[in-house]
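Hi everyone, thanks for coming. Have a look at the screen while I pull up the structure, and then I'll walk you through a few spots in it.

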Amino acid sequence: MTTAAPEPAHDKTRPDQFGGPWGALLLTIVMPTVTFYLWSAVAQHGGSLWLPRSAAELWAMIPAPTWEAAAIFAAWLGLQALLYVVVPGRVVHGRLTAAGERAEYRLNGLVAFGLSAGLLVAGIAADVVSPSHVLAQLGPLLTLAVLFAGGAAALTYVAGRRRAHLERSTGNPIYDFYMGAIQNPRIGRHDLKFFFESRIGMGSWGALAILLPAAELQAHGELSTAMLVVSLCQLFYIFEFFVFESALLSTIDIIEENLGFMLWFAFLAWMPFNFTLQQQYVLAARPELSTLAAAAIIVMNFAGYYVFRDSNLQKQRFRRDPSLPIWGKPPVAMDTARGTKLLLSGWWGLARHANYLGDLTMALAWCLACGFGSLVPYFYFIYFAPLLLNRERRDHAMCQRKYGADWDRYCEKVPYRIVPFVY
(Lines give C-alpha, C1' and ligand atoms only; values in the text may rest on other atoms or scores of the structure.)
Protein backbone atom coordinates (compact mmCIF):
# COMPACT_ATOMS: atom_id res chain seq x y z
CA MET A 1 0.00 0.00 0.00
CA THR A 2 1.26 3.48 -0.84
CA THR A 3 0.08 6.87 0.33
CA ALA A 4 0.58 10.39 -0.86
CA ALA A 5 0.66 13.76 0.84
CA PRO A 6 -2.47 15.97 0.70
CA GLU A 7 -2.69 18.39 -2.18
CA PRO A 8 -4.27 21.85 -2.06
CA ALA A 9 -7.60 21.53 -3.83
CA HIS A 10 -8.66 23.68 -6.75
CA ASP A 11 -11.20 26.27 -5.65
CA LYS A 12 -14.25 24.41 -6.90
CA THR A 13 -16.53 26.94 -5.15
CA ARG A 14 -16.24 29.28 -8.16
CA PRO A 15 -18.05 28.34 -11.40
CA ASP A 16 -15.20 29.54 -13.61
CA GLN A 17 -14.39 26.49 -15.77
CA PHE A 18 -15.68 25.96 -19.35
CA GLY A 19 -17.59 29.25 -19.44
CA GLY A 20 -19.39 28.87 -16.13
CA PRO A 21 -23.01 27.62 -15.78
CA TRP A 22 -24.00 28.59 -19.33
CA GLY A 23 -20.97 26.83 -20.75
CA ALA A 24 -21.71 23.76 -18.63
CA LEU A 25 -25.32 23.70 -19.88
CA LEU A 26 -24.14 24.03 -23.48
CA LEU A 27 -21.60 21.22 -23.11
CA THR A 28 -24.18 18.96 -21.45
CA ILE A 29 -26.22 19.28 -24.65
CA VAL A 30 -23.39 19.44 -27.20
CA MET A 31 -21.35 16.41 -26.05
CA PRO A 32 -24.16 13.86 -26.60
CA THR A 33 -25.30 15.62 -29.79
CA VAL A 34 -21.81 15.48 -31.32
CA THR A 35 -21.41 11.82 -30.34
CA PHE A 36 -24.75 10.83 -31.87
CA TYR A 37 -23.95 12.85 -35.00
CA LEU A 38 -20.58 11.14 -35.47
CA TRP A 39 -22.11 7.69 -34.96
CA SER A 40 -24.75 8.60 -37.56
CA ALA A 41 -22.11 9.89 -39.98
CA VAL A 42 -20.50 6.45 -40.04
CA ALA A 43 -23.48 4.13 -39.51
CA GLN A 44 -26.05 5.97 -41.63
CA HIS A 45 -24.01 8.12 -44.08
CA GLY A 46 -21.05 5.95 -45.09
CA GLY A 47 -18.49 7.83 -43.05
CA SER A 48 -19.26 11.31 -44.44
CA LEU A 49 -20.28 14.53 -42.75
CA TRP A 50 -23.92 15.37 -43.37
CA LEU A 51 -26.40 18.20 -42.84
CA PRO A 52 -29.86 17.40 -41.42
CA ARG A 53 -32.67 18.56 -43.67
CA SER A 54 -35.52 17.99 -41.25
CA ALA A 55 -36.33 17.38 -37.60
CA ALA A 56 -37.04 13.75 -38.50
CA GLU A 57 -33.46 13.31 -39.74
CA LEU A 58 -32.18 14.77 -36.48
CA TRP A 59 -34.22 12.33 -34.42
CA ALA A 60 -33.12 9.45 -36.66
CA MET A 61 -29.52 9.91 -35.48
CA ILE A 62 -30.60 8.89 -31.95
CA PRO A 63 -31.20 5.13 -32.11
CA ALA A 64 -33.78 3.60 -29.81
CA PRO A 65 -32.45 1.30 -27.08
CA THR A 66 -33.04 -2.42 -27.50
CA TRP A 67 -33.28 -5.24 -25.00
CA GLU A 68 -30.34 -6.93 -26.68
CA ALA A 69 -28.20 -3.81 -26.26
CA ALA A 70 -29.31 -3.55 -22.64
CA ALA A 71 -28.24 -7.16 -22.03
CA ILE A 72 -24.82 -6.52 -23.62
CA PHE A 73 -24.40 -3.30 -21.62
CA ALA A 74 -25.35 -4.94 -18.32
CA ALA A 75 -23.24 -8.03 -18.95
CA TRP A 76 -20.14 -5.98 -19.77
CA LEU A 77 -20.61 -3.67 -16.79
CA GLY A 78 -21.20 -6.65 -14.51
CA LEU A 79 -18.15 -8.52 -15.82
CA GLN A 80 -15.88 -5.52 -15.25
CA ALA A 81 -17.23 -4.96 -11.74
CA LEU A 82 -16.76 -8.65 -10.90
CA LEU A 83 -13.18 -8.69 -12.21
CA TYR A 84 -12.34 -5.49 -10.36
CA VAL A 85 -13.49 -6.99 -7.06
CA VAL A 86 -12.24 -10.59 -7.35
CA VAL A 87 -9.01 -10.42 -9.38
CA PRO A 88 -6.01 -10.07 -7.05
CA GLY A 89 -4.13 -6.81 -7.30
CA ARG A 90 -2.13 -4.27 -5.39
CA VAL A 91 -4.31 -1.96 -3.27
CA VAL A 92 -3.26 1.70 -3.28
CA HIS A 93 -4.65 4.61 -1.31
CA GLY A 94 -4.81 7.97 -3.03
CA ARG A 95 -4.07 11.49 -1.90
CA LEU A 96 -5.65 12.90 1.20
CA THR A 97 -8.60 15.13 0.26
CA ALA A 98 -9.52 18.43 1.90
CA ALA A 99 -12.11 16.46 3.92
CA GLY A 100 -9.39 14.15 5.28
CA GLU A 101 -10.46 11.11 3.23
CA ARG A 102 -8.49 8.73 1.02
CA ALA A 103 -9.95 6.76 -1.85
CA GLU A 104 -8.92 3.14 -2.39
CA TYR A 105 -7.80 1.76 -5.74
CA ARG A 106 -7.31 -1.86 -6.78
CA LEU A 107 -4.62 -2.09 -9.45
CA ASN A 108 -5.58 -5.29 -11.23
CA GLY A 109 -6.48 -3.73 -14.59
CA LEU A 110 -3.89 -5.55 -16.68
CA VAL A 111 -5.11 -9.00 -15.63
CA ALA A 112 -8.77 -7.92 -15.81
CA PHE A 113 -8.37 -6.49 -19.30
CA GLY A 114 -6.39 -9.54 -20.41
CA LEU A 115 -9.15 -11.84 -19.17
CA SER A 116 -11.84 -9.68 -20.81
CA ALA A 117 -10.00 -9.57 -24.13
CA GLY A 118 -9.28 -13.30 -23.95
CA LEU A 119 -12.94 -14.13 -23.33
CA LEU A 120 -13.98 -11.88 -26.21
CA VAL A 121 -11.48 -13.36 -28.67
CA ALA A 122 -12.36 -16.90 -27.57
CA GLY A 123 -16.06 -16.13 -28.00
CA ILE A 124 -15.44 -14.79 -31.53
CA ALA A 125 -13.25 -17.77 -32.46
CA ALA A 126 -15.89 -20.22 -31.20
CA ASP A 127 -18.72 -18.37 -33.03
CA VAL A 128 -20.39 -17.66 -29.70
CA VAL A 129 -19.91 -13.91 -30.25
CA SER A 130 -20.70 -12.46 -33.68
CA PRO A 131 -18.79 -9.17 -34.13
CA SER A 132 -21.18 -7.87 -36.79
CA HIS A 133 -24.16 -8.77 -34.62
CA VAL A 134 -22.73 -6.91 -31.62
CA LEU A 135 -21.80 -3.89 -33.74
CA ALA A 136 -25.33 -3.78 -35.13
CA GLN A 137 -26.26 -2.79 -31.57
CA LEU A 138 -23.65 -0.01 -31.41
CA GLY A 139 -26.25 2.73 -31.84
CA PRO A 140 -28.60 1.42 -29.14
CA LEU A 141 -25.57 0.86 -26.89
CA LEU A 142 -24.60 4.51 -27.37
CA THR A 143 -28.08 5.64 -26.37
CA LEU A 144 -27.96 3.46 -23.26
CA ALA A 145 -24.52 4.83 -22.37
CA VAL A 146 -25.80 8.42 -22.65
CA LEU A 147 -28.85 7.64 -20.50
CA PHE A 148 -26.70 5.86 -17.93
CA ALA A 149 -24.29 8.81 -17.81
CA GLY A 150 -27.14 11.25 -17.23
CA GLY A 151 -28.70 9.11 -14.50
CA ALA A 152 -25.36 8.49 -12.80
CA ALA A 153 -24.54 12.22 -12.90
CA ALA A 154 -27.88 12.98 -11.23
CA LEU A 155 -27.22 10.43 -8.49
CA THR A 156 -23.69 11.67 -7.77
CA TYR A 157 -24.96 15.26 -7.78
CA VAL A 158 -27.52 14.37 -5.10
CA ALA A 159 -24.87 12.46 -3.14
CA GLY A 160 -22.57 15.46 -3.32
CA ARG A 161 -25.21 17.88 -2.11
CA ARG A 162 -26.02 15.60 0.83
CA ARG A 163 -22.41 15.83 1.98
CA ALA A 164 -21.79 19.36 0.77
CA HIS A 165 -19.97 20.19 4.02
CA LEU A 166 -17.26 17.67 3.03
CA GLU A 167 -17.09 18.50 -0.69
CA ARG A 168 -16.07 21.53 -2.70
CA SER A 169 -18.73 22.67 -5.17
CA THR A 170 -20.31 25.94 -6.29
CA GLY A 171 -23.93 25.45 -5.24
CA ASN A 172 -25.05 26.19 -8.80
CA PRO A 173 -27.07 23.10 -9.83
CA ILE A 174 -26.39 23.35 -13.59
CA TYR A 175 -22.66 23.83 -13.17
CA ASP A 176 -22.34 21.23 -10.41
CA PHE A 177 -24.33 18.67 -12.38
CA TYR A 178 -21.81 18.99 -15.23
CA MET A 179 -18.59 19.42 -13.23
CA GLY A 180 -19.68 17.29 -10.29
CA ALA A 181 -20.49 17.91 -6.64
CA ILE A 182 -18.50 15.01 -5.19
CA GLN A 183 -14.87 14.06 -5.75
CA ASN A 184 -14.59 10.38 -4.88
CA PRO A 185 -17.98 8.63 -4.68
CA ARG A 186 -17.58 5.05 -3.55
CA ILE A 187 -19.49 1.82 -3.26
CA GLY A 188 -18.05 0.26 -0.17
CA ARG A 189 -14.29 0.78 -0.45
CA HIS A 190 -14.28 1.02 -4.24
CA ASP A 191 -13.84 4.39 -5.95
CA LEU A 192 -16.31 4.83 -8.81
CA LYS A 193 -14.33 7.45 -10.70
CA PHE A 194 -11.26 5.24 -11.03
CA PHE A 195 -13.31 2.16 -11.90
CA PHE A 196 -15.32 3.84 -14.66
CA GLU A 197 -12.34 5.62 -16.23
CA SER A 198 -10.08 2.57 -16.20
CA ARG A 199 -12.34 -0.46 -16.59
CA ILE A 200 -15.32 1.00 -18.47
CA GLY A 201 -13.75 3.87 -20.45
CA MET A 202 -10.47 2.22 -21.44
CA GLY A 203 -11.79 -1.35 -21.21
CA SER A 204 -14.77 -0.67 -23.50
CA TRP A 205 -12.51 1.13 -25.97
CA GLY A 206 -10.34 -1.99 -25.99
CA ALA A 207 -13.32 -4.29 -26.53
CA LEU A 208 -14.49 -2.28 -29.56
CA ALA A 209 -10.91 -2.15 -30.88
CA ILE A 210 -11.12 -5.97 -31.00
CA LEU A 211 -14.68 -6.25 -32.33
CA LEU A 212 -14.28 -3.79 -35.22
CA PRO A 213 -11.38 -5.57 -36.99
CA ALA A 214 -13.07 -8.89 -36.24
CA ALA A 215 -16.21 -7.57 -37.98
CA GLU A 216 -14.15 -6.56 -41.04
CA LEU A 217 -12.56 -10.00 -41.12
CA GLN A 218 -16.00 -11.58 -40.80
CA ALA A 219 -17.48 -9.45 -43.60
CA HIS A 220 -14.59 -9.43 -46.10
CA GLY A 221 -12.43 -12.41 -45.18
CA GLU A 222 -9.37 -10.21 -44.66
CA LEU A 223 -8.11 -7.21 -42.71
CA SER A 224 -7.39 -4.01 -44.60
CA THR A 225 -4.01 -2.39 -43.99
CA ALA A 226 -5.70 0.67 -42.47
CA MET A 227 -7.70 -1.43 -40.02
CA LEU A 228 -4.64 -3.46 -39.08
CA VAL A 229 -2.50 -0.38 -38.42
CA VAL A 230 -5.08 1.55 -36.41
CA SER A 231 -6.24 -1.43 -34.37
CA LEU A 232 -2.75 -2.64 -33.47
CA CYS A 233 -1.62 0.87 -32.50
CA GLN A 234 -4.70 1.48 -30.36
CA LEU A 235 -4.63 -1.93 -28.71
CA PHE A 236 -0.97 -1.42 -27.86
CA TYR A 237 -1.86 1.96 -26.33
CA ILE A 238 -4.69 0.44 -24.27
CA PHE A 239 -2.58 -2.53 -23.15
CA GLU A 240 0.22 -0.14 -22.19
CA PHE A 241 -2.25 1.96 -20.20
CA PHE A 242 -3.06 -1.03 -18.03
CA VAL A 243 0.64 -1.91 -17.62
CA PHE A 244 1.12 1.56 -16.11
CA GLU A 245 -2.36 1.80 -14.56
CA SER A 246 -1.00 3.37 -11.37
CA ALA A 247 -0.04 6.46 -13.41
CA LEU A 248 -3.75 7.27 -13.64
CA LEU A 249 -3.71 8.11 -9.94
CA SER A 250 -1.57 11.19 -10.59
CA THR A 251 -3.82 12.66 -13.31
CA ILE A 252 -6.07 15.69 -12.96
CA ASP A 253 -9.14 13.48 -13.48
CA ILE A 254 -8.42 11.53 -10.30
CA ILE A 255 -6.77 14.06 -7.98
CA GLU A 256 -8.56 17.24 -8.99
CA GLU A 257 -11.91 16.78 -10.72
CA ASN A 258 -15.28 16.06 -9.16
CA LEU A 259 -17.31 13.28 -10.75
CA GLY A 260 -20.13 14.89 -12.71
CA PHE A 261 -21.72 14.57 -16.13
CA MET A 262 -18.48 15.64 -17.86
CA LEU A 263 -16.56 12.60 -16.62
CA TRP A 264 -19.51 10.19 -16.54
CA PHE A 265 -20.19 10.90 -20.20
CA ALA A 266 -16.49 10.77 -21.07
CA PHE A 267 -16.04 7.31 -19.52
CA LEU A 268 -19.27 5.73 -20.76
CA ALA A 269 -19.76 7.25 -24.21
CA TRP A 270 -17.07 9.64 -25.41
CA MET A 271 -14.09 7.32 -24.97
CA PRO A 272 -15.40 3.99 -26.32
CA PHE A 273 -17.54 5.39 -29.15
CA ASN A 274 -15.58 8.43 -30.35
CA PHE A 275 -12.10 7.00 -29.83
CA THR A 276 -12.91 4.12 -32.19
CA LEU A 277 -14.18 6.35 -35.00
CA GLN A 278 -11.13 5.44 -37.08
CA GLN A 279 -11.99 1.74 -37.08
CA GLN A 280 -15.69 2.49 -37.55
CA TYR A 281 -14.84 4.63 -40.58
CA VAL A 282 -12.45 2.04 -42.03
CA LEU A 283 -15.14 -0.64 -41.68
CA ALA A 284 -17.67 1.55 -43.49
CA ALA A 285 -15.49 3.22 -46.16
CA ARG A 286 -12.58 0.75 -46.63
CA PRO A 287 -9.89 3.37 -47.47
CA GLU A 288 -6.67 2.27 -49.16
CA LEU A 289 -3.36 2.54 -47.30
CA SER A 290 -0.07 1.71 -48.99
CA THR A 291 2.60 -0.36 -47.29
CA LEU A 292 5.01 2.60 -47.29
CA ALA A 293 2.41 4.91 -45.72
CA ALA A 294 1.55 2.23 -43.15
CA ALA A 295 5.22 1.89 -42.19
CA ALA A 296 5.61 5.66 -41.84
CA ILE A 297 2.48 5.89 -39.67
CA ILE A 298 3.69 3.06 -37.42
CA VAL A 299 7.04 4.82 -36.97
CA MET A 300 5.19 8.07 -36.18
CA ASN A 301 2.96 6.29 -33.67
CA PHE A 302 5.81 4.69 -31.76
CA ALA A 303 7.91 7.86 -31.84
CA GLY A 304 4.98 9.59 -30.15
CA TYR A 305 4.64 6.71 -27.74
CA TYR A 306 8.33 6.96 -26.81
CA VAL A 307 8.02 10.66 -25.98
CA PHE A 308 4.78 10.07 -24.07
CA ARG A 309 5.95 7.14 -21.97
CA ASP A 310 9.59 8.15 -21.47
CA SER A 311 8.61 11.61 -20.23
CA ASN A 312 6.08 10.17 -17.77
CA LEU A 313 8.58 7.58 -16.53
CA GLN A 314 11.22 10.27 -16.00
CA LYS A 315 8.86 12.15 -13.72
CA GLN A 316 7.77 9.04 -11.81
CA ARG A 317 11.35 7.80 -11.28
CA PHE A 318 12.48 11.22 -10.14
CA ARG A 319 9.72 11.29 -7.55
CA ARG A 320 10.80 7.88 -6.23
CA ASP A 321 14.54 8.52 -6.32
CA PRO A 322 15.84 12.00 -7.27
CA SER A 323 19.36 10.62 -7.69
CA LEU A 324 18.60 8.36 -10.68
CA PRO A 325 20.27 9.62 -13.89
CA ILE A 326 18.18 11.01 -16.74
CA TRP A 327 19.57 10.56 -20.25
CA GLY A 328 22.84 9.40 -18.66
CA LYS A 329 23.35 12.48 -16.50
CA PRO A 330 22.51 13.40 -12.88
CA PRO A 331 19.09 15.12 -12.84
CA VAL A 332 18.83 18.88 -12.43
CA ALA A 333 15.99 20.11 -10.25
CA MET A 334 14.79 23.33 -8.66
CA ASP A 335 13.99 23.57 -4.95
CA THR A 336 10.66 25.10 -3.92
CA ALA A 337 9.35 26.66 -0.74
CA ARG A 338 7.02 23.64 -0.34
CA GLY A 339 10.06 21.44 0.19
CA THR A 340 9.54 19.56 -3.09
CA LYS A 341 11.57 19.81 -6.30
CA LEU A 342 10.66 20.68 -9.87
CA LEU A 343 12.46 18.61 -12.50
CA LEU A 344 14.54 20.48 -15.09
CA SER A 345 16.14 17.49 -16.86
CA GLY A 346 15.16 15.27 -19.76
CA TRP A 347 11.85 16.02 -21.43
CA TRP A 348 10.85 18.20 -18.48
CA GLY A 349 13.71 20.55 -19.22
CA LEU A 350 12.54 20.91 -22.84
CA ALA A 351 8.83 21.52 -22.24
CA ARG A 352 6.45 21.55 -19.29
CA HIS A 353 4.24 18.91 -20.90
CA ALA A 354 6.23 17.10 -23.57
CA ASN A 355 4.11 14.04 -22.70
CA TYR A 356 1.16 15.81 -24.35
CA LEU A 357 3.22 16.14 -27.54
CA GLY A 358 3.68 12.37 -27.57
CA ASP A 359 -0.03 11.80 -27.01
CA LEU A 360 -0.96 14.16 -29.85
CA THR A 361 1.53 12.52 -32.20
CA MET A 362 -0.06 9.11 -31.62
CA ALA A 363 -3.55 10.56 -32.08
CA LEU A 364 -2.63 12.11 -35.43
CA ALA A 365 -1.01 8.86 -36.61
CA TRP A 366 -4.24 6.92 -36.01
CA CYS A 367 -6.19 9.50 -38.02
CA LEU A 368 -3.72 9.59 -40.92
CA ALA A 369 -4.10 5.83 -41.37
CA CYS A 370 -7.68 6.51 -42.53
CA GLY A 371 -6.62 8.66 -45.49
CA PHE A 372 -8.22 11.95 -46.46
CA GLY A 373 -11.67 10.90 -47.63
CA SER A 374 -13.51 12.34 -44.65
CA LEU A 375 -13.05 14.53 -41.58
CA VAL A 376 -14.92 12.04 -39.40
CA PRO A 377 -11.92 9.84 -38.44
CA TYR A 378 -9.94 13.02 -37.68
CA PHE A 379 -12.37 14.03 -34.94
CA TYR A 380 -10.17 12.39 -32.30
CA PHE A 381 -7.24 14.70 -33.07
CA ILE A 382 -9.47 17.75 -33.71
CA TYR A 383 -11.00 17.36 -30.26
CA PHE A 384 -7.90 16.06 -28.47
CA ALA A 385 -5.59 18.96 -29.35
CA PRO A 386 -7.79 21.69 -27.78
CA LEU A 387 -8.49 19.38 -24.83
CA LEU A 388 -4.80 19.01 -24.03
CA LEU A 389 -4.17 22.71 -24.61
CA ASN A 390 -6.93 23.47 -22.10
CA ARG A 391 -5.66 20.83 -19.70
CA GLU A 392 -2.15 22.28 -19.84
CA ARG A 393 -3.56 25.72 -19.01
CA ARG A 394 -5.56 24.33 -16.11
CA ASP A 395 -2.55 22.43 -14.84
CA HIS A 396 -0.47 25.60 -15.15
CA ALA A 397 -3.01 27.51 -13.04
CA MET A 398 -3.07 24.72 -10.44
CA CYS A 399 0.73 24.74 -10.20
CA GLN A 400 0.78 28.52 -9.84
CA ARG A 401 -1.55 28.23 -6.85
CA LYS A 402 0.52 25.38 -5.46
CA TYR A 403 4.05 26.77 -5.93
CA GLY A 404 3.52 30.53 -6.21
CA ALA A 405 6.67 32.45 -7.17
CA ASP A 406 8.61 29.20 -7.51
CA TRP A 407 6.40 28.22 -10.44
CA ASP A 408 7.07 31.53 -12.15
CA ARG A 409 10.82 30.89 -11.80
CA TYR A 410 10.35 27.39 -13.20
CA CYS A 411 8.46 28.74 -16.22
CA GLU A 412 11.34 31.13 -16.92
CA LYS A 413 13.71 28.16 -16.99
CA VAL A 414 11.32 26.00 -19.06
CA PRO A 415 9.41 28.49 -21.26
CA TYR A 416 7.85 25.98 -23.66
CA ARG A 417 4.50 24.46 -22.72
CA ILE A 418 4.12 21.39 -24.97
CA VAL A 419 6.28 21.56 -28.12
CA PRO A 420 9.98 22.26 -27.40
CA PHE A 421 11.26 25.44 -29.14
CA VAL A 422 7.81 26.06 -30.68
CA TYR A 423 5.04 26.37 -28.07
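Let's start with a warm-up: is Phe-244 buried, partly exposed or exposed? Keep in mind that what you see is a predicted model, so everything I say is about a prediction.

Okay, the answer: Phe-244 is partly exposed, because its relative accessible area is 25%, and the buried class stops at under 20%. To find Phe-244 on the screen, go to the loop between helix H9, residues 225–243, and helix H10, residues 252–255. Setting aside neighbours within four places in sequence, Phe-244 is in contact with Arg-309 and Leu-313. You can also use Lys-315 as a landmark: Phe-244 and Lys-315 are 71 residues apart along the chain, and their C-alpha atoms are separated by 13 Å.

Now step back a little in the sequence, to two more phenylalanines. Phe-241 and Phe-242 are both buried. How do we describe two rings like that? In general, for a pair of aromatic rings you give the distance of the centres and the angle of the planes. A search of the whole structure turns up 36 aromatic pairs. One of them is Phe-241 with Phe-242, where the centres are 5.0 Å apart and the planes are at 80°. That pair is edge-to-face.

Next, helices against helices. Find helix H13, residues 291–320, and helix H15, residues 354–368. Their axes are 7 Å apart, and the packing angle is about 160°. With that angle, H13 is roughly antiparallel to H15, because anything over 145 degrees counts as roughly antiparallel. The crossing of H13 and H15 is left-handed.

Who is doing the touching there? On the H13 side we have, among them, Ile-297, Met-300, Gly-304, Tyr-305 and Phe-308. On the H15 side, the list includes Gly-358, Asp-359, Met-362, Leu-364 and Trp-366. By class, the residues in the contact of H13 with H15 come out as 11 nonpolar, 7 polar and 1 charged.

H15 has another partner for us, and that's H9. H9 and H15 pack at about 150°, with axes 10 Å apart. So H9 and H15 are roughly antiparallel to each other, and their crossing is left-handed. From H9, the contact uses Val-230, Cys-233, Gln-234 and Tyr-237, and from H15 it uses Asp-359, Met-362 and Trp-366. The breakdown for H9 with H15 is 5 nonpolar, 1 polar and 1 charged. If those H15 names ring a bell, Asp-359, Met-362 and Trp-366 are also in the contact with H13.

Let's try a pair with another angle. How do H1 and H12 run relative to each other, parallel or antiparallel? Helix H1 is residues 20–43 and helix H12 is residues 277–285, and their axes come within 9 Å and cross at roughly 25°. Angles under 35 degrees count as roughly parallel, so H1 and H12 are roughly parallel to each other. Leu-38, Trp-39 and Val-42 of H1 meet Leu-277, Gln-280, Tyr-281 and Ala-284 of H12. In this contact of H1 with H12 there are 6 nonpolar residues, 1 polar and no charged ones.

Leave H12 and walk into the loop between H12 and H13, and you'll find Arg-286. Arg-286 has a positive phi of about 50° even though it isn't a glycine. Arg-286 counts as partly exposed, because its relative accessibility is 26%.

Phe-421 also has a positive phi, about 70°, and it isn't a glycine either. Phe-421 is in the segment after helix H17, residues 405–413. At 63% relative accessibility, Phe-421 counts as exposed. Not counting residues up to four places away in sequence, Phe-421 touches Leu-350 and Tyr-416.

One last stop: Tyr-84, which is in helix H3, residues 67–86. Is Tyr-84 buried or exposed? Tyr-84 is buried, because its relative accessible area is 2%. Leaving out residues up to four places away in sequence, Tyr-84 touches, among them, Glu-104, Tyr-105, Arg-106, His-190, Phe-194 and Arg-199. And to place it in space, Tyr-84 and Val-111 are 27 residues apart in sequence and 9.6 Å apart, C-alpha to C-alpha.

That's my tour, thanks for listening!

Conventions:
Residues are numbered from 1 along each chain as its sequence is written. This is a predicted model: local features need pLDDT of at least 70, side-chain atom pairs count only at pLDDT 80 or more; totals for chains, interfaces and linings use all residues. Side-chain values use heavy atoms; hydrogens and water are left out. Axes are lines fitted to C-alpha atoms, for helices over the stretch in contact, and angles run from 0 to 180 degrees between N-to-C directions. Helices (H or I, at least four residues) and strands (E, at least two) are DSSP runs, numbered from the N terminus. Angles under 35 degrees count as roughly parallel, over 145 as roughly antiparallel, 65 to 115 as roughly perpendicular and the rest as oblique. A crossing is left-handed if the near helix is turned anticlockwise from the far one by less than a right angle, and right-handed if clockwise. Contact means heavy atoms within 4.5 Å. Ala, Val, Leu, Ile, Met, Phe, Trp, Tyr, Cys and Pro count as nonpolar, Asp, Glu, Lys and Arg as charged, and the others, Gly among them, as polar. Rings of Phe, Tyr and Trp (its six-membered ring) pair if their centres lie within 6.5 Å; planes under 30 degrees apart count as stacked, over 60 as edge-to-face and the rest as tilted. Buried means under 20% relative accessible area, exposed over 50%, partly exposed in between (1.4 Å probe, protein chains only).
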